[in-house]
Amino acid sequence: MSETWRPVTRLERADFYSDWLAASERNAVDVERSPIVARGSDATWIETPNEHRIAMLIGNQVGFPTNGTNLCTVAIPAGHHTGRHRHGEEAIHILRGTGFVVVAGRRYDFHAGTTIHVPYMDDHQLFNTGDTDLEYVSASTMDLDLFVKLGRLEQLEEKGPNEPDLETRFAAEVGQFDTLNRRIALHLEDAPNEADRQKAKEAKKASADATAGHEGHGHEGHDHKEREHDDAAKAGERLIKSVHPHRHGAIYNLMGGGESHSELRNGFTAVTVAMTQIFEEVPHTSSHCHTHTEAVLYVLEGVGFSEIDDEHYDWEAGDAVQIPPKMTRHEHFNPSDNQTRTLRIEYGIRYFYEQLWPGYFKVEHRETSVARP
């Protein structure tokens with residue numbers, strides 16, 4: 001034999017193990033040095049075969065350590081459309097403009113405030129039918145999908161101008177659900193406000209208590225928690241443990257989950273990426289305070305700041321705030337005289353690791369919003 005061999009002691013690390021240790025150390029440093037806030041005004045726009053203008057706000061490619069996740073902002077000129085492509089799940093929120101998206105050959109109309117779910121590997125294309133630029137934010141787990149080699153990105157058609165017969169090429173919208181009964185689109189005006197739902201439950205409880213007291217035979221055995229679970233069962237929901245007072249001025253439930261008191265998802269079936277809620281904060285308040293791993297907020301309206309692991313970060317409409325992929329304590333503040341609105345984005349890989357290790361479970365430090373001077 002021409003090969004030579006040498007003994008390896010039990011204390012000597014093989015090369016791949018050294019690589020793992022080094023990668024672990026780099027990751028620990030990276031998440032501690034995350035820039036936290038992406039300034040919308042500083043975004044670098046590029047042109048791609050699929051988009052006329054797209055800029056990455058949050059992602060590894062622009063200096064944010066992530067779980068293979070990203071948040072981008074996209075603009076389509078009036079009278080134009082994106083390319084048609086397919087890849088992993090995508091979540092879209094329309095900021096300005098009107099038009100429609102075609103997902104797996106089916107049309108869904110949208111306007112400012114519409115949230116869209118693109119299922120895994122469904123081909124899709126967005127059309128601007130208005131007189132001004134169409135702008136939206138898009139979130140996906142593209143890098144994660146490609147890293148695990150289970151994802152694909154396939155360009156089927158390139159971007160371009162709308163054809164004159166656009167409206168006749170695509171049949172009119174027949175609903176916001178696809179043929180598999182998955183919700184694809186939800187307009188903000190149709191999104192339930194959890195504050196209203198909570199008030200309705202409290203009013204129902206008060207009415208039931210008053211009736212029971214008046215009749216003098218209150219059935220204490222069928223208490224409030226049982227009534228809540230009955231209501232949830234009728235609505236097809238599953239209640240989670242938190243029953244504390246509301247934690248924001250308003251929570252508009254979009255794809256659901258995350259910060260919701262219930263797991264109402266409005267028919268969405270997002271797994272890897274979800275635009276879960278819009279948080280509305282009244283003037284001079286701060287949100288609840290807790291610790292968890294990666295999530296992102298996109299600022300839709302107003303100015304404010306966040307305290308993240310005891311550091312102060314200012315933000316304004318058009319910015320994005322990343323909660324880095326480590327156990328990160330954070331609280332968001334509205335010090336102004338006007339309301340703020342933020343769009344919350346979460347990625348499913350976070351919950352995969354929550355299932356594995358209690359160290360990643362969310363920790364609530366204060367569940368209620370607080371009035372500030």
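**Exercise 1. Range of contacts and overall composition**

Determine what percentage of the contacts between residues at least 6 apart in sequence join residues at least 24 apart, and describe the composition of the protein chain.

*Solution.* Step 1. In this predicted model, 73% of the contacts between residues at least 6 apart in sequence join residues at least 24 apart.

Step 2. The secondary structure of the chain consists of six helices and 26 strands.

Step 3. Of the 373 residues in the protein chain, 47% are buried. The area that the chain exposes is about 19,300 Å², and carbon and sulfur atoms supply 53% of this area.

**Exercise 2. The six-stranded sheet**

State the strand order of the open sheet of six strands, and identify which strands stand at its edges.

*Solution.* Step 1. The order is β1-β22-β19-β24-β16-β15, and the pairing is antiparallel.

Step 2. The edges are formed by β1 (37-38) and β15 (250-253); each has a single partner strand, so one side of each lacks a neighbour in the sheet.

Step 3. Within the sheet, β16 (residues 273-281) and β24 (residues 340-347) pair in the antiparallel sense through eight bridges. In this part of the sheet, Phe279 stands opposite Thr342 in β24.

Step 4. Helix α6 (residues 349-356) packs on the sheet and touches β19 (295-301) and β24. The direction of α6 makes about 60 degrees with that of β24.

**Exercise 3. Burial of an edge strand**

Establish which residues of β15 lie on each side of the strand, and whether they are buried or exposed.

*Solution.* Step 1. In a regular strand, side chains alternate between the two faces of the sheet.

Step 2. In β15, Ala250 and Tyr252 lie on one side, while Ile251 and Asn253 lie on the other. All of these residues are buried, and both faces are therefore covered, burial meaning under 20% relative accessible area.

Step 3. Strand β15 runs antiparallel to β16, to which four bridges join it. One residue pair is Asn253 with its bridge partner in β16, Gln277.

**Exercise 4. Strand β10**

Determine how many residues of strand β10 (residues 124-128) are buried, and locate its pairing with β7.

*Solution.* Step 1. Five of the five residues are buried, so β10 is largely enclosed by the rest of the structure.

Step 2. One side carries His124, Leu126 and Asn128, and the other carries Gln125 and Phe127; both faces are covered.

Step 3. Strand β7 (residues 99-103) pairs with β10 in the antiparallel sense over five bridges. Val103 stands opposite His124 in β10.

**Exercise 5. Nonpolar cores**

Identify which residues of the largest nonpolar core touch the most other members, and which elements give two or more residues to this core.

*Solution.* Step 1. The largest nonpolar core has 31 residues, of which Leu57, Ile58, Leu71, Tyr298, Leu343, Ile345 and Tyr347 touch the most other members.

Step 2. Two or more residues come from each of β2 (53-58), β6 (90-96), β11 (134-140), β15, β16, β19 and β24. The largest share, four residues, is that of β16.

Step 3. A second, separate core comprises 17 residues, including Ile92, Ile116, Val118 and Leu126.

Step 4. Returning to Tyr347, and not counting residues up to four places away in sequence, its contacts include Leu71, Ala139, Val273 and Val296.

**Exercise 6. The surroundings of Ser286 and Ser287**

Establish whether Ser286 counts as buried or exposed, and which side chains make polar contacts with its side chain.

*Solution.* Step 1. Ser286 lies in strand β17 (residues 285-286). Its relative accessibility is 0%, so Ser286 counts as buried.

Step 2. The side chain of Ser286 makes a polar contact of 2.7 Å with that of Glu331 and another of 3.1 Å with that of Arg372.

Step 3. Leaving aside neighbours within four places in sequence, the residues in contact with Ser286 also include His332, Phe333, Arg366, Ser369 and Val370.

Step 4. Ser287 lies in the loop between β17 and β18 (289-292) and, at 1% relative accessibility, counts as buried. The C-alpha atoms of Ser287 and Val370 are separated by 6.7 Å, although these residues are 83 residues apart along the chain.

**Exercise 7. A lysine in a loop**

Find where Lys159 lies, and which residue's backbone oxygen lies 2.7 Å from a polar atom of its side chain.

*Solution.* Step 1. Lys159 lies in the loop between β12 (154-157) and β13 (160-161).

Step 2. The backbone oxygen in question belongs to Thr48.

Step 3. Beyond neighbours within four places in sequence, the contacts of Lys159 include Glu47, Pro49, Asn50, His81 and Gly83.

How values were computed: Residues are numbered from 1 along each chain as its sequence is written. This is a predicted model: local features need pLDDT of at least 70, side-chain atom pairs count only at pLDDT 80 or more; totals for chains, interfaces and linings use all residues. Side-chain values use heavy atoms; hydrogens and water are left out. Two strands pair if DSSP finds at least two bridges between them. Contact means heavy atoms within 4.5 Å. Axes are lines fitted to C-alpha atoms, for helices over the stretch in contact, and angles run from 0 to 180 degrees between N-to-C directions. Buried means under 20% relative accessible area, exposed over 50%, partly exposed in between (1.4 Å probe, protein chains only). Accessible areas come from the Shrake-Rupley method with a 1.4 Å probe; for residues, only the protein chains shown count as cover. A polar contact is a pair of N or O atoms within 3.5 Å; within protein, one must be able to donate a hydrogen and the other to accept it, and residues adjacent in sequence count only if both atoms are side-chain atoms. A nonpolar core is a set of buried Ala, Val, Leu, Ile, Met, Phe, Trp, Tyr and Cys residues joined through side-chain atoms within 4.5 Å.
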